[in-house]
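Q: I have a structure in front of me and would like to learn how to read it. Where should I begin?

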Amino acid sequence: MRLGESTLAKLFISGDGPPAIKVGRSVRYASGDLDTWMGSRRRRSTSDVGSAA
C-alpha cells in the first residue's frame with residue numbers, strides 16, 4: 001500500500017481508513033478489507049471526485 005504506520009494510525013483514528021480490528025494495543029487489517037478500501041479510493045484523474053466524496 002505504501003502507507004506509513006503513522007498514516008494508517010491517523011486514518012484509523014479519524015475513521016477514514018479501512019475497517020480494522022483492535023487486538024490489545026495492536027491494530028490489524030483483513031486483506032480483503034484493505035483491497036475493498038483501496039478500490040473505493042480509485043480515481044481516473046486528480047479532478048475525479050469518485051464515490052468517496
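A: Begin with the largest pocket. The model is predicted, and about 170 Å³ of space lies in its largest pocket.

Q: Which residues line the largest pocket?
A: A lining is read as a list of residues. Here the list is Glu5, Leu8, Ala9, Phe12, Val27, Arg28 and Tyr29.

Q: Which helix and which strand each supply at least two residues of that lining?
A: The next step is to place the list on the secondary structure. Helix H1, residues 5-14, and strand S2, residues 26-28, each supply at least two residues of the lining. H1 gives the largest share, four residues.

Q: How do the lining residues divide into nonpolar, polar and charged?
A: Each residue is sorted by its type. In the largest pocket five are nonpolar, two are charged, and none is polar.

Q: What does the secondary structure of the whole protein come to?
A: One lists the elements, then their order. This protein has two helices and two strands, and along the sequence they follow the pattern α-β-β-α.

Q: What does the C-alpha trace span along its principal axes?
A: Three lengths describe the extent of the chain. For this protein they are about 40 × 20 × 20 Å.

Q: How many residues does the protein have, and what percentage of them count as buried?
A: Burial is read from relative accessible area, with under 20% taken as buried. The protein has 53 residues, and 11% of them count as buried. Its accessible surface comes to about 4500 Å², and carbon and sulfur atoms account for 50% of that surface.

Q: What share of the contacts join residues at least 24 apart?
A: Contacts can be sorted by separation in sequence. Among contacts between residues at least 6 apart, 18% join residues at least 24 apart.

Q: Can we end with a single residue? Where is serine 31 placed?
A: Serine 31 lies in helix H2, which covers residues 31-40. The C-alpha atom of serine 31 is 10.0 Å from that of proline 18, and the two residues are 13 apart along the chain.

Q: Why does serine 31 count as exposed or buried?
A: The cut-off for exposed is over 50%. Serine 31 is exposed because its relative accessible area is 54%.

Key: Residues are numbered from 1 along each chain as its sequence is written. This is a predicted model: local features need pLDDT of at least 70, side-chain atom pairs count only at pLDDT 80 or more; totals for chains, interfaces and linings use all residues. Side-chain values use heavy atoms; hydrogens and water are left out. On a 1 Å grid over the protein atoms alone, a cavity is a set of points where a 1.4 Å probe fits but cannot get out, and a pocket is an open set with protein on both sides within 12 Å along at least five of seven lines; lining residues have an atom within 4 Å of a point. Grid points are joined across faces, edges and corners, and a volume is the space filled by probe spheres set on the points. Ala, Val, Leu, Ile, Met, Phe, Trp, Tyr, Cys and Pro count as nonpolar, Asp, Glu, Lys and Arg as charged, and the others, Gly among them, as polar. Buried means under 20% relative accessible area, exposed over 50%, partly exposed in between (1.4 Å probe, protein chains only). Contact means heavy atoms within 4.5 Å. Accessible areas come from the Shrake-Rupley method with a 1.4 Å probe; for residues, only the protein chains shown count as cover.
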